[in-house]
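Let's work through a few questions about this structure together. Try each one yourself before reading on.

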Amino acid sequence: MTLAEIAEASGLPARTIRFYIARGLLRGPVKGGRAAAYTEEHLERLEEIKSLQARGSTLAEIARLPGGPAKESVLPPATSWWQHAVAGDVIVWVRADASPWRTRQVRAAVEEFARRVQPAGNEGRKE
Amino acid sequence: MSTALSFAPVAAPTGEPLRLAMQRLWLTGQVLPAGARLVVQHIFQSEEERPLEVIYSFPLPRDAALRRFRITGDGFETHSELKETEEAVKAYEKGLAEGSLSALARQYGDGIVNLTVGNIRPKEKVTVYLEVLAGVELRDDGFRFRFPFTLAPAYHARMRAAVTEGEGEVELPADEFGDVILPRFRKDASSLHEVGFELSVLHELPVEEIGSPSHSIRVRQPAPGSARVALAPERDVPNRDLVLDVRFRETRAQVLAGPREGKRPFAIIVPSTLFGPAAEAPRRTVMLLDRSGSMAGEPIAQARKAIEACLAVLSDQDSFVLVAFDDKVESMHRAPVPATREERERARAFLKKIDARGGTELAAGVREAARLLGGEGDIVILTDGQVYGTEDILAQARATGVRLSCLGIGSASQDRFLSLLARETGGVSRFVTPRERVDLAAVDLFASLGRPVATGLTAEGVQPEPPRFVFAGTPVLLFGETENHGRVDLAWDGGSLSFDVPPGDAETGEAVRLLRGSRLITDWESRYPKEEAVAPLRKRRQSRVAERLLELSRTYGLASREMALVAVVRRAGDRPGELPETRVVPVGMPQDTEFQAYFPHAAPMLASLAPPAMAAPSARKIVFDAGNASIEAAAPVRPGRLTRLMRRAREAPPAASGDSGLIDLAALLEPDGGMPGGSPEERAARTVAAVLAFVAGGHSSASGAFRLHVARLVEYLKSLSPAAGPETLWIGTAVQAASSGKAPEGAWLELARRPGAGWKELEKSAQP
């Protein structure tokens with residue numbers, strides 16, 4: 001079956017099926033490219049997902065149940081960082097979600113540090 | 001010296017640079033007093049080795065519709081087509097199967113849009129410019145513009161919420177909501193895409209102030225009639241709506257128009273002051289308080305105080321009842337009771353017990369409120385409006401036949417729903433952010449309700465129909481089209497007005513025509529019967545609502561749930577059949593909304609222990625300049641009073657601020673309009689002090705949120721027959737202050753609230 005055909009057969013939109021694959025609920029097609037194909041097994045799994053959802057399971061719960069594909073990589077939890085390029089050969093990273101007073105404190109320290117690690121001959125130069 | 005600085009989100013456990021599918025959301029466009037014509041820039045960047053399909057979900061602002069989009073990238077630019085939704089989905093899927101870059105903007109129920117861009121090639125950058133029409137919240141002296149940069153999670157009895165990898169997920173039943181995909185919600189929005197804005201505010205009336213209670217802004221006035229408003233810092237995070245307040249120096253009718261195909265589309269804004277004073281009649285009010293879990297904290301505390309202050313405006317002839325709802329409805333009485341002192345005391349005790357908990361069964365609350373009211377009077381709802389299935393709630397509210405007015409509280413917009421709820425039932429709505437004074441806004445809204453200044457409005461050539469009622473403070477917005485004679489007659493019970501429609505310019509004409517279209521589409525979208533919303537095409541075609549929406553979409557060239565926007569970009573090297581990796585763009589939890597209110601079983605977030613990698617190849621450059629965060633303004637525009645008010649509220653605990661003191665004072669008014677006291681002298685003296693306290697706080701008997709309180713206090717003073725002497729002088733001073741808006745210096749607030757205070761204390765309080 002093509003994606004369009006399995007969408008028609010399952011009554012689920014093609015985009016939802018792609019979302020389930022990305023979400024780790026359904027295996028990808030058995031071949032790649034133009035020859036990408038979905039089997040009866042895929043269709044059964046989609047029916048199973050629908051039935052589990054109807055019984056109150058969330059997609060996260062369904063993904064954890066046996067019967068699905070091995071869990072595909074999902075985005076890990078994120079943190080954000082400010083990068084201070086203090087010199088051509090030095091970069092300092094600082095957590096971006098620090099409190100404003102902490103950010104100010106660290107920034108002052110970074111600026112001091114930047115002054116100290118300037119290559120010889122640049123110390124007095126104003127940037 | 002300075003250090004070069006860049007911003008680079010990374011994955012906590014590995015320190016690897018984080019791959020954001022959407023990098024930037026930037027809002028530009030024009031904001032007019034009748035609505036906004038916006039262009040939203042979305043930058044998608046793939047860091048994948050495979051083609052990428054990105055889904056970005058966002059809520060529409062009030063009275064909004066999508067017009068078209070343009071998709072650009074390296075060596076291509078393509079414009080969207082407007083097609084019937086099922087055709088558009090087919091075109092998108094066909095384009096995707098053929099390996100072509102495809103984009104689809106599709107609207108679902110509750111005004112949620114999925115913008116899906118598929119087959120973004122590895123390492124490719126694609127930009128989508130989406131044009132959106134949106135309404136504004138009108139006030140007699142200006143307007144508030146609101147644009148959602150995030151999506152609030154909401155409540156539905158059949159929804160499922162889960163926490164996955166520290167992020168909240170919400171799933172809605174497909175039989176009611178179709179295949180809409182909602183984003184994941186992150187507690188911390190700082191590692192998400194950057195957002196910002198630069199807007200032109202076009203105005204004919206001179207502007208008194210432009211401010212924002214949500215963002216730090218920079219305002220410039222490059223030319224008369226046009227102000228540029230931009231985000232002051234370089235970037236911001238997607239965790240709250242943009243809210244802009246524009247206040248004019250004068251209050252008068254505005255007519256926007258322009259030529260188009262031999263006709264003249266127009267928008268007329270008629271201030272409520274042109275309809276005359278409100279008629280006197282007893283008020284019958286149900287105060288309906290949302291006590292759902294998402295209201296926890298400051299919103300519910302302020303809402304409680306606000307209700308107390310609103311009740312203080314009522315007299316013995318008025319009647320009221322309090323109802324609180326979450327997934328249960330609790331009412332204080334079985335029917336409205338006279339607003340006597342005892343009943344207000346009981347109401348206060350009832351309110352003290354109200355804490356935030358549970359879901360938001362708004363429809364059940366409205367039904368109970370309507371039943372209690374028995375078909376006559378007003379329902380005033382204080383809610384964050386965070387519910388799904390709003391069309392169903394609207395249908396139930398319309399069926400009650402009762403007028404609903406809404407005070408929305410939230411940093412992420414449910415503005416579209418609450419403005420519809422009020423408009424469709426004949427009421428008015430206001431939407432405030434939790435960092436503004438919710439209680440002041442409630443008192444202001446309450447002051448305008450109960451007694452309309454006009455009813456029975458009719459106007460030829462106007463569509464949608466004029467509102468059934470006009471309330472003080474809220475103008476009437478009329479959209480229509482004239483032949484080139486250029487005159488519109490507006491009539492109401494007991495009055496009429498005529499407006500000349502100027503020739504205008506073609507750009508304004510097109511803008512008001514599109515705003516009218518988006519308003520009509522929003523109105524009809526809200527009338528979708530629940531069972532038809534996700535029915536198959538053949539069945540839906542028989543629907544009156546679907547038929548009308550198709551017609552409106554075609555007439556105005558705007559998307560609706562029946563018509564969507566699609567574009568397919570065919571390029572050399574397209575690889576048919578390759579399955580793209582689907583990614584849903586996460587959003588930040590709205591500021592001031594508790595993550596636990598929706599996702600109570602949240603696993604603790606992983607701490608970031610790993611040191612970050614030393615270099616992030618895709619780091620974005622951010623210029624860091626703290627000086628930019630200040631508000632710059634050129635005359636005559638200056639930062640808004642609301643902004644200052646908000647800042648003050650944030651800096652000081654609410655109980656310590658002057659406005660909080662006035663709220664407490666307002667709650668003390670007796671049903672006869674005077675202040676309480678152990679003797680007639682004490683009551684009179686404290687009433688004088690109360691009038692002066694309100695006036696000193698910027699409220700007179702004609703303006704300000706506490707105008708009704710001032711008017712009632714003055715009525716009480718006028719009813720007294722004091723002995724000649726200082727008493728008469730003081731009463732005269734208070735009456736004069738209430739009408740002029742100017743009060744002598746003095747510690748009036750403290751005196752008005754002090755039991756036992758009399759004329760002597762009044763003399764002492766007056767400062768030379």
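Q: Which strands of the open sheet β31-β34-β35 in chain B stand at the edges?
A: This is a predicted model, and in it the sheet has 3 strands with antiparallel pairing, in the order β31-β34-β35 (chain B). Strands at an edge have a single partner strand each, so one side of each is left without a neighbour in the sheet. That fits β31 (458–459) and β35 (495–500) of chain B.

Q: What is the bridge partner of Arg487(B) in β35(B)?
A: Start with strand β34 of chain B, which covers residues 487–492. Its link to β35(B) is antiparallel and made of 6 bridges. For Arg487(B), the partner over in β35(B) is Asp500(B).

Q: How many of the 12 residues of α5(B) are buried?
A: Helix α5 of chain B spans residues 362–373 and reaches 16 Å from its first C-alpha to its last, close to the 16 Å expected. Buried means under 20% relative accessible area, and the residues that pass include Leu362(B), Val366(B), Glu368(B) and Leu373(B). The helix is mostly covered, and the count is 9.

Q: Which residue follows α5(B)?
A: The helix ends at residue 373. What comes after has a positive phi, near 65°, and is Gly374(B).

Q: Over which residues of chain B does pLDDT stay under 50?
A: Chain B has a mean pLDDT of 84, with 87% of its residues at 70 or more. Where pLDDT is low, the predicted coordinates should not be read in detail. So go easy on the 117 contacts beyond four places in sequence that the model has for the stretch under 50, residues 602–657.

Notes: Residues are numbered from 1 along each chain as its sequence is written. Chains are lettered from A and ligands numbered from 1 in the order in which they are written. This is a predicted model: local features need pLDDT of at least 70, side-chain atom pairs count only at pLDDT 80 or more; totals for chains, interfaces and linings use all residues. Side-chain values use heavy atoms; hydrogens and water are left out. Two strands pair if DSSP finds at least two bridges between them. Helices (H or I, at least four residues) and strands (E, at least two) are DSSP runs, numbered from the N terminus. pLDDT is the predictor's confidence in each residue, from 0 to 100. Contact means heavy atoms within 4.5 Å. The expected span of a helix is 1.5 Å times one less than its number of residues. Buried means under 20% relative accessible area, exposed over 50%, partly exposed in between (1.4 Å probe, protein chains only).
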